[in-house]
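Q: Hey, I'm new to this one. Can you walk me through it once it's up on the screen?
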Amino acid sequence: MRGPKVRTLFAGLLAGMALTPPLVQAHGAIISRTTQTVICVQATYDSGQPMAGAQMAVFSAADPTRARLTGTADNNGHYCVVSPPPADGAISIQARLAGHGAIIHIPADAERGFTQNSSPRTAAGYNTTQRVVMAASIVWGCIGTALYFTGRRPG
Amino acid sequence: MHVPDGILPVSVTLSGYVVSAGIAWLCLHRIKQRHDPREDIPRAALLTAAFFLASLIHIPAPPASVHLVLNGLLGVLLGLFAFPAILIGLCFQAIMFGHGGLTTLGINGVILGGPALLAAFVFSLGRRHHINGRKTAIAGFLAGSSAVALSALLFALVIVTNLATHLRADTEQSALLALLLAHLPLVLLEGAVTALVVTFIGRTRPHLLKG
């Protein structure tokens, strides 16, 4: 009589182990590692106002005509790309909103934590003093032109 | 309202240069036929400076920021000189501040300079029989506001008809519509500024408004 009871108990244990969720079964733990490159950009107008909801597109240097990834910037104009394709090459990220836009070219060997502007010529790349001096030089050039031709006016 | 580099296809930017060069040539050709072609150069130089500085004055108007344009004022005060003056101002804006772009200089010239010439025409029509007074101010307001409004419409038209394939058209069209609505206060503001300026000049130096 003990034989069938033992067999029934053993079979019940096996069935219970088979039906137990895998999480409970595991005794060991494994951590797998995947290193990803995250590139975050912020799209703003040259006035400093963020381009909220701008359409973002990621291009590879090998094929600058076809967008590899598209997305939308958040309310602060931030957009992050995780492991942008191709991971081993240079990429360009373009922001577009209502006919305004800019594109930033990111080299493959870009430094970590490095801050880069889309173009050194943008107003965001100059401080207020530099902007005032540049604007004043243009205005002075125009005034000088006006004075020159005023002096040469006949009569 | 300046189209930046990298937004439009090459064919459109080249077409913009061709059209812009044609209009500039026509304006300069007509100016050369005047008795003294240099007469208005001092005024054109000063107003070019004003146009250049105006783009640096931003007015926050979500989803974008708008800025003073003053192309209507230039059209009213300069006439044919307005187009080359705007082209020079746009060139300086692109080189110094990256506002607009060098590849889009031609199309920006058409977008901003074309309405300036229209403003000159509107103002001359409005003042044909009225040299001074309230109707001068109304003609100035109409000229200044219509120039900015037409520039905004041209800008939206150029953008919406040349959308890249990766862009969602509905999103961009909604943003452009919001941008156009954001320009409504600017249209009124530039109309008022133009009206004030022409009224003042009409009282102090009316001969400047005859060109």
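Q: What does Ile86(B) touch, leaving out residues up to four places away in sequence?
A: This is a predicted model, by the way. In it, Ile86(B) touches Phe51(B), Asn71(B) and Leu74(B). Its other contacts are Gly109(B), Leu112(B), Gly113(B) and Ala116(B).

Q: OK, and which residues have the most contacts inside the largest nonpolar core?
A: Ile86(B) is one of them. The others are Leu74(B), Ala82(B), Phe83(B), Ala85(B) and Ala116(B), in a core of 87 residues.

Q: Which helix gives the most to that core?
A: That's helix H6 of chain B, residues 134-160, which puts in 13 residues.

Q: How much of chain B is buried?
A: Buried residues make up 53% of its 211 residues.

Q: And what is chain B built from, in helices and strands?
A: It has eight helices and two strands. Starting at the N terminus, the order goes α-α-β-β-α-α-α-α-α-α.

Q: How does the radius of gyration of chain B sit against that of a compact globule?
A: They agree: a compact globule with 211 residues would come out near 17 Å, and chain B has 17 Å. Along its principal axes, the C-alpha trace of chain B spans about 55 × 35 × 30 Å.

Q: What share of the contacts in chain B with a separation of 6 or more is between residues 24 or more positions apart?
A: Those pairs account for 77% of them.

Q: Switching to chain A. What order do the strands take in its open sheet?
A: The four strands go S3-S2-S5-S6, with antiparallel pairing. S3 and S6 of chain A are at the edges with a single partner strand each, so one side of each has no neighbour in the sheet. From one strand to the next, the twist averages 25°.

Q: How many bridges join S2(A) to S5(A)?
A: Six, and the two strands run antiparallel. As for who faces whom, Ser60(A) stands opposite Ile91(A) in S5(A).

Q: Last topic: how many residues does each chain bring to the contact?
A: Chain A brings 34 residues and chain B brings 38 residues.

Q: Which elements of chain A supply at least two residues each to its side?
A: Strands S2 (55-60), S3 (63-72), S5 (91-97) and S6 (100-106), plus helix H3 (128-151). H3(A) gives the most, with 10 residues.

Q: How do the residues on that side of chain A divide by type?
A: The side that touches chain B has 18 nonpolar, 12 polar and four charged residues.

Methods:
Residues are numbered from 1 along each chain as its sequence is written. Chains are lettered from A and ligands numbered from 1 in the order in which they are written. This is a predicted model: local features need pLDDT of at least 70, side-chain atom pairs count only at pLDDT 80 or more; totals for chains, interfaces and linings use all residues. Two residues are in contact if their C-beta atoms, placed from the backbone, lie within 7 Å. Ala, Val, Leu, Ile, Met, Phe, Trp, Tyr, Cys and Pro count as nonpolar, Asp, Glu, Lys and Arg as charged, and the others, Gly among them, as polar. The radius of gyration is taken over C-alpha atoms; the globule rule is 2.2 Å times the number of residues to the power 0.38. A residue is buried if 20 or more other C-beta atoms lie within 10 Å of its own, exposed if 12 or fewer, and partly exposed in between; C-beta atoms are placed from the backbone. A nonpolar core is a set of buried Ala, Val, Leu, Ile, Met, Phe, Trp, Tyr and Cys residues joined through C-beta atoms within 7 Å. Two strands pair if DSSP finds at least two bridges between them. Axes are lines fitted to C-alpha atoms, for helices over the stretch in contact, and angles run from 0 to 180 degrees between N-to-C directions.
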